[in-house]
Amino acid sequence: MVAFCGALSFFPCLSNPDRRSSFCLKLVLVMLHLTYVGILFGFDKELIQKTKQGPWYTAVYLLLLVATLAKYFVVCSSSPGYVLDAMRAMNETDASRNRETITSIQPASSKNGSVVITINRNQLEKNLLGSGTTSWEKLVMDMYPPGTSARSVTCTYCNIVQPPRAKHCHDCDKCIIQFDHHCVWLGSCVGQGNHCWFWWYLCSETAFSLWTGTLYIQYLISHVSKPWWSYAIVFLLLAVLSICLFFLILLFIFHSYLILTNQITFEVLRKRRIPYMRNIPEGVFPFSKGACRNSYEFCCARSSKYRMEPLPTALELEEKLRPYTYSDVLSCRCC
């Protein structure tokens, strides 16, 4: 116990229980990857022989492992896009703009009747930052239909006006822009700020797991022996491995589908509980701009760190409800 407390004194970041649990999860995930690779290279003689004959095979495999772990840590260290940070960034921008427009008035003598104005710089900055809250509220409320009450879209925990598609995460205790889900293995949320990196991590993880799973399947099938119980063990291991690979591939396909249709997991799973999604007909993607444009904006068009989308108007929803025709297909309406 004393040694543990001493270790915490050298690593202050581990003194927080939440950070300590997150660090343990990251350590477990890294150890799992290294264990899977170590077992293969320690027991599979055919793989070792293939490595000696073609070093490039092992080099590509290890590079994929490094890329997967690197992307994992990038996702963990990336901000999901906190609403509070977006509001502060907007307040600071408004404050700097207002500060530039203020002209300092030099003290004048009483002979010409000019008024002497004394400006308190610290108080001025507080007032500018405080007045930015109104600008934030106006910006967010413009994204909702006319007549929407600010109280109905205000987070009761953070006491800030939430833009559309934002949600308060009870694990992080913060509101997230385009909240997708809270990932236990990441120790943080997946939102607008790190969803792209999360998808790229899924790509690497799926490719690495498929490669590793194939090697394990080949090894298990080639080393099955005569006793009946060995067949049962191999069959059980193959079943568990196949189920894990299936769910990982399914997760990758699901998030790719979300990207192409500009959806988030929270909207798909809790559609009837979200006020702005209740009246959306089935099969209509209210925020979709077409598969190509959705993919481009998701991966490339990062013009703003905090990108918020307004709710679609009634005319836009009516256009999305219109059935496809041959001319729409030829004109790539879906793209």
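**Figure 1. A nonpolar patch on the surface.** V28, L32, Y36, V184 and W185 come together here to make a nonpolar surface patch of about 460 Å². Keep in mind that this is a predicted model. One of the patch members, V28, sits in helix α2, which covers residues 17–43. How exposed is V28? With 41% relative accessibility, V28 counts as partly exposed, because that label covers values between 20% and 50%.

**Figure 2. The whole chain, for orientation.** The protein has 335 residues, and 36% of them count as buried. You can pick out 12 helices and four strands. Take the contacts with a separation of 6 or more: 60% of them come from residues 24 or more positions apart. The accessible surface adds up to about 21000 Å², and carbon and sulfur atoms account for 65% of that.

**Figure 3. Helix α10 and its buried face.** Which residues of α10 (residues 291–299) are buried? They are N294, E297 and F298. Look down the axis of α10 and these buried residues fall within an arc of 100°, so they line one face of the helix. There's a simple rule behind such patterns: an α-helix has 3.6 residues a turn, so residues three or four places apart point the same way.

**Figure 4. Stretches annotated as transmembrane.** An unreviewed UniProt entry gives the feature "transmembrane region" at residues 25–43, 55–74, 197–217 and 229–254. In the model, residues 25–43 are 100% helix and 0% strand, with 27 Å between the end C-alpha atoms. Residues 197–217 are also 100% helix and 0% strand, and here the end C-alpha atoms lie 30 Å apart.

Notes: Residues are numbered from 1 along each chain as its sequence is written. This is a predicted model: local features need pLDDT of at least 70, side-chain atom pairs count only at pLDDT 80 or more; totals for chains, interfaces and linings use all residues. Side-chain values use heavy atoms; hydrogens and water are left out. Helices (H or I, at least four residues) and strands (E, at least two) are DSSP runs, numbered from the N terminus. Buried means under 20% relative accessible area, exposed over 50%, partly exposed in between (1.4 Å probe, protein chains only). Contact means heavy atoms within 4.5 Å. Accessible areas come from the Shrake-Rupley method with a 1.4 Å probe; for residues, only the protein chains shown count as cover. Patches are made of residues with over 30% relative accessible area and no salt bridge: like charges are joined within 9 Å, nonpolar side chains (Val, Leu, Ile, Met, Phe, Trp, Tyr) within 5 Å. A salt bridge is a side-chain nitrogen of Lys or Arg within 4 Å of a carboxyl oxygen of Asp or Glu. The arc is that of the directions from the helix axis to the C-beta atoms. UniProt positions are given in the numbering used here, feature names are shortened, and annotations may be inferred rather than shown by experiment.
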